[in-house]
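Welcome! Here is a friendly walk through a structure that may be new to you. Take a look at it first, and then read on.

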Amino acid sequence: MNLAGLTAHQLHEMLKKGETTSTAITEAVIKQINQVEDKVHAFVTQTPEKAMEQAEKVDKAIQGGSPVKPLTGIPFAIKDVLCTNGIRTTCGSKILENFIPPYTGTALQKLENEGTVTLGKVNMDEFAMGSSTETSYYGITRNPWNLDTIPGGSSGGSAAAVAADECIISIGTDTGGSIRQPASCCGIVGLKPTYGRVSRFGLVAYASSLDCIGPMTKDVTDAALMMNILAGHDSLDSTSANMAVPDYTQSLVNDVKGLKIGIPKEYLIGGLDPDVEKAIKEAIKTLESLGATTVEISLPHTEYAVATYYLIATAEASANLERYDAVKYGYRTGEFDDLLDMYMKSRAEGFGREVKRRIMLGTHVLSAGYYEAYYLKAQKVRTLIKQDFDNAFEKCDVLLTPTAPTAAFKIGEKMGDPLQMYLSDIFTISVNLGGIPAMSLPCGFSKDKLPIGMQIMGRHFNEEMIFRVAYTFEQNTDYHTKKSPIAELAK
Amino acid sequence: MEYEAIIGLEVHAQLNTKSKIFCSCSTEFGAEPNSHLCPICAGYPGVLPVLNEEVLRKSILTGLALHCKISDFSRFARKNYFYPDLPKNYQVSQFEQPICYEGYLDVPTEKGIRRIGVTRAHMEEDAGKLIHSGRGESFVDLNRTGVPLLEIVSEPDIRTPDEAKEYMQMLCSLLKYLDVCDGNMEEGSLRCDANVSIRPVGQKEFGTKAEVKNINSFNFVKKALEYEIKRQLEVVQDGGKILQETRLYDSDRNVTESMRSKEQAHDYRYFPEPDLVPIEVSTEYIAEIKSKMPELPWDREARFVKELGLPDYDAHVLTSSRALAEYFEEALAIHNNPKGIANWIMAELMRELSGRETHLSEFPLSPRQLAGLVKLIDNQTISGKMAKNVFADILKTDKDPEAYVKEKGLVQITDSSAIEKMIEEVIAANPKAVEEYKGGKEGAINSLVGQAMKASKGKANPQMVRDLLLKKLTE
């Protein structure tokens with residue numbers, strides 16, 4: 001048996017019974033990485049020595065009678081946008097090529113306290129801006145299901161690493177779909193929690209009012225186990241919610257009888273890939289056959305979501321990325337005449353095209369004379385989009401949509417056309433604007449044998465309902481058990 | 001044509017909290033460069049600000065004292081500009097929804113009380129400091145980065161440099177009274193920018209204003225404004241136009257110089273700070289802060305006049321600082337002679353303090369000692385003259401005046417037979433003065449009183465000496 005191919009909860013059972021050790025699991029995963037990484041290129045920075053050290057420490061503790069908690073000894077991969085004390089954190093950018101944070105973010109610290117094993121930092125679109133992981137300064141990451149296609153983005157490294165069995169679990173971030181869309185492309189589970197459910201402290205900001213940290217896993221159960229650790233208030237993040245955290249595993253029940261599933265009519269539109277449409281319709285049928293009822297829902301402001309997102313997210317990004325000025329840390333240009341020249345050259349050379357595009361957009365959006373027309377108006381539309389969701393959830397328990405309009409597209413296909421790239425997130429973006437939770441989970445395959453994901457959206461702070469519907473669907477289908485060709489190859 | 005100046009002040013007051021506004025670093029002044037620093041105030045990637053509640057409380061307290069309305073919903077905003085002393089390259093400030101707005105301060109001036117409107121008071125973080133080596137290098141010290149500021153913006157209600165100075169002094173005194181700012185202008189705890197324009201007297205519309213920055217003492221407020229008003233008058237009188245610009249005050253040369261024009265003005269691109277939740281304060285919260293409000297200087301001043309019968313001047317001086325007023329009241333609680341204690345504080349004690357700002361505990365004489373001293377005068381144990389010596393002797397000690405006087409045998413002679421005896425000797429020894437007095441030269445009595453006091457080594461009660469002398473000479 002290849003331990004790297006198992007889930008966290010399966011490995012946990014074995015660890016508890018003494019059937020395996022964290023060292024054995026970690027060795028298996030590192031072996032897997034060594035076999036497939038040159039094809040996938042999921043990692044920016046690998047930390048195998050640290051991983052082995054942590055695994056040995058965990059094993060010693062277990063031998064000494066320490067409790068084996070659900071994620072104890074489980075190797076995981078960290079999106080390179082989360083700060084790790086002593087391990088460089090690049091955000092996929094040249095400007096942070098040599099940046100080693102002096103602290104670890106709250107979410108990672110919580111996982112580390114459980115005894116997880118750090119495999120390294122995985123690739124992403126530069127500063128989480130992108131839907132294909134092609135904008136990374138550290139090279140592209142390939143989809144383990146088809147190496148000619150993108151893994152999605154921006155958490156493409158996380159999704160690819162999970163799908164290629166290069167880690168057991170991973171952690172990503174989602175500002176407009178960056179957990180869910182790559183999860184969909186790579187046939188894994190990805191949850192964007194409610195805004196404020198997980199502390200953002202240590203997450204290098206792209207768009208502060210939209211950014212969320214969430215689990216990326218091989219199945220729904222592992223996502224629940226991760227959420228049990230990640231969720232909760234943090235005194236270092238005033239935007240984190242001071243609310244009780246439920247035990248999400250209690251929601252892993254195989255039962256959707258009587259639940260109402262809303263199908264937003266605006267999402268099943270022309271332009272939707274026929275394979276995706278077919279998979280979603282089948283998923284709806286499956287859930288209906290299990291006792292759920294469906295109801296058509298209208299989210300009338302959906303068509304404004306992408307425009308609204310690119311006004312708000314870029315405005316916030318333009319300010320968030322001002323700190324990369326070559327004064328305190330990060331890339332500094334070689335020669336310059338004066339302070340302004342140093343700023344301009346360092347930033348021109350340190351940031352990639354997409355990041356610069358968004359900084360310029362955001363700067364414009366906030367400029368005197370344009371603020372009201374763009375930023376303020378976008379905020380108003382954002383309120384309308386939130387209201388759409390509030391109204392929808394009066395009529396149903398969850399909403400079900402495709403995660404992305406197509407399965408993974410070809411590498412290079414959309415790089416020349418930013419607007420087409422932005423539309424990859426057309427189904428995921430509203431969720432961030434509304435601040436609600438949503439999960440992508442596998443629900444089928446395209447003709448080209450590429451995974452298709454469906455998205456389940458829930459009410460604010462009701463991740464439990466999402467877990468229940470997702471778990472029930474998973475228990476009654478086998479998409480999540482399918483392995484990518486790259487993962488199979490290593491067996 | 002006669003012109004008048006229109007002046008509005010923006011005062012930046014450093015709030016005297018222990019830790020910075022968004023992190024737990026110390027705010028202490030004068031530490032080794034970059035020693036009060038953490039990833040949060042240094043603007044590292046991934047960090048988040050969390051508001052120090054003390055900053056909010058002190059801001060609301062100040063707002064209430066300035067008769068401001070307190071916003072029940074207020075926000076922080078990002079003010080964007082690149083500068084090396086600003087690690088995030090945006091300053092977290094407040095823009096559209098400041099915590100305090102629409103207040104005023106009544107400033108006593110030569111022309112009576114002037115009510116200066118307070119447009120707003122908002123919270124923000126301070127920037128760091130640049131240190132230039134003079135060899136083409138610049139260094140950044142981020143110790144000050146994130147120290148809390150309250151920016152208090154006045155209405156353009158000020159008309160003269162003197163008024164501006166008085167407003168500034170009054171504000172400073174109030175901030176110290178409230179214990180929200182140490183008011184130390186040398187250390188930059190209080191900084192001032194001024195918006196200045198001129199217009200012909202009688203004209204309603206404002207003229208084009210210049211913003212004068214970097215005014216860092218009460219005297220500079222006056223001097224900088226005097227210079228700037230004169231400059232603007234000269235421009236206008238020469239047929240020129242005032243440009244909207246930002247000017248920097250150079251106190252060494254006492255001039256203001258153009259820093260940037262309107263065209264070069266920053267577009268700060270303010271927008272609501274998404275990393276901080278909006279601040280919602282309940283009426284209960286405000287009431288709780290209000291309940292801890294110390295008696296304000298003007299209220300205390302009025303009370304001293306009304307209830308203690310002090311002259312306006314005394315009441316004003318005694319309430320000029322909270323420590324002084326508290327000292328006075330403590331002494332008064334021990335010995336109830338308001339005017340007597342006031343006189344001693346205003347003359348002897350204040351000379352000792354010589355303008356130094358001190359806490360009550362650092363006064364060179366305790367309120368109990370001063371009260372004891374005045375009591376000894378009032379019950380005629382010692383004379384005022386003797387008291388001055390005692391005051392000097394027990395300064396900076398914890399000696400009780402009564403015990404000290406006893407120990408040194410300094411008790412005043414109030415025994416009339418003893419005084420009479422001395423008087424007789426003085427009269428016998430000074431026939432010329434006696435003659436003059438009897439001849440109608442009343443001033444001659446003073447020399448006789450002086451002689452008698454000298455004979456008693458200063459211990460005789462001067463009033464008794466005078467009374468008995470008069471009695472004797474008219475017999």
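A128(A) is found in the loop that runs between strand 3 and helix 5 of chain A. Please keep in mind that this is a predicted model. The phi angle of A128(A) is near 65°, a positive value in a residue other than glycine. That is worth a second look, because most residues other than glycine have a negative phi. Is A128(A) buried or exposed? With a relative accessible area of 5%, A128(A) is buried.

The loop between strand 3 (117-122) and helix 5 (156-163) of chain A also holds S154(A). Here the backbone offers another detail: the peptide bond that joins G153(A) and S154(A) is cis, with omega at about 10°. For background, most peptide bonds are trans.

A positive phi turns up at A326(A) too, where the angle is near 70°. To find A326(A), go to the loop of chain A between helix 9 (305-320) and helix 10 (339-350). A326(A) is buried, and its relative accessible area is 5%.

Here are several residues of this report side by side, with their surroundings and accessibility.

| Residue | Place | Relative accessible area |
|---|---|---|
| A128(A) | loop between strand 3 and helix 5 of chain A | 5%, buried |
| A326(A) | loop between helix 9 and helix 10 of chain A | 5%, buried |
| I486(A) | helix 16 of chain A | 5%, buried |
| A65(B) | helix 1 of chain B | 0%, buried |
| G202(B) | loop between strand 11 and strand 12 of chain B | 71%, exposed |

Let us stay in chain A for a moment and turn to I486(A), which has its place in helix 16 (residues 485-490). Which residues does I486(A) touch, leaving aside those up to four places away in sequence? They are Q32(A), V36(A), K39(A), V40(A), P144(A), L147(A) and A164(A). I486(A) is buried, because its relative accessible area of 5% is under the 20% cut-off. As for distance, I486(A) and A205(A) are 281 residues apart in sequence, and their C-alpha atoms are 32 Å apart in space.

Next comes a pair of helices in chain A. Helix 7 (residues 220-230) and helix 15 (residues 463-475) have axes that come within 9 Å and cross at roughly 155°. How do these two helices of chain A run relative to each other, roughly parallel or roughly antiparallel? An angle over 145 degrees counts as roughly antiparallel, and helix 7 and helix 15 of chain A are therefore roughly antiparallel to each other. From helix 7 of chain A, V220(A), T221(A), A223(A), A224(A) and M227(A) take part in the contact, and they meet F467(A), A470(A), Y471(A) and E474(A) of helix 15. The residues of this contact between helix 7 and helix 15 of chain A comprise seven nonpolar, one polar and one charged.

Now for the other chain. In chain B, A65(B) lies in helix 1 (residues 53-65). A65(B) is buried, with 0% relative accessible area. Not counting residues up to four places away in sequence, A65(B) touches L174(B), L178(B), M293(B), L296(B) and W298(B). A65(B) and P297(B) are 232 residues apart in sequence, yet 10.0 Å apart in space from C-alpha to C-alpha.

G202(B) makes a good contrast. This glycine is found in the loop between strand 11 (190-200) and strand 12 (210-215) of chain B. G202(B) is exposed, because its relative accessible area of 71% is over the 50% cut-off. From C-alpha to C-alpha, G202(B) and G103(B) are 26 Å apart in space, with their positions 99 residues apart in sequence.

How do the two chains meet? In this contact, 30 residues of chain B and 38 residues of chain A take part. About 2800 Å² is buried between chain B and chain A, and carbon and sulfur atoms give 60% of that area. On the side of chain B, P45(B), F82(B) and R269(B) lose the most area to chain A, together 22% of what that side buries.

Finally, a look at the cysteines. How many disulfides does a search of the whole structure find? The answer is zero over all chains. C185(A), for one, is in no disulfide, and the nearest cysteine sulfur, that of C186(A), is 6.2 Å away. C185(A) is buried at 2% relative accessible area. C172(B) is in no disulfide either, with the sulfur of C181(B), the nearest cysteine sulfur, 6.6 Å away. C172(B) counts as buried too, at 3% relative accessibility.

Key. Residues numbered from 1 in each chain as written. Chains lettered and ligands numbered in written order. Predicted model: local features only at pLDDT ≥ 70, side-chain atom pairs only at ≥ 80, totals over all residues. Heavy atoms only, no water. Disulfide = S-S within 2.5 Å. Buried < 20%, exposed > 50% of the residue type's maximum accessible area, 1.4 Å probe, protein only. Axes fitted to C-alpha atoms, helices over the stretch in contact; angles between N-to-C directions. Helix = DSSP H or I, 4+ residues; strand = E, 2+ residues; numbered from the N terminus. Parallel < 35°, antiparallel > 145°, perpendicular 65-115°, else oblique. Contact = heavy atoms within 4.5 Å. Nonpolar A, V, L, I, M, F, W, Y, C, P; charged D, E, K, R; others polar. Buried area = accessible area lost by both parts, 1.4 Å probe.
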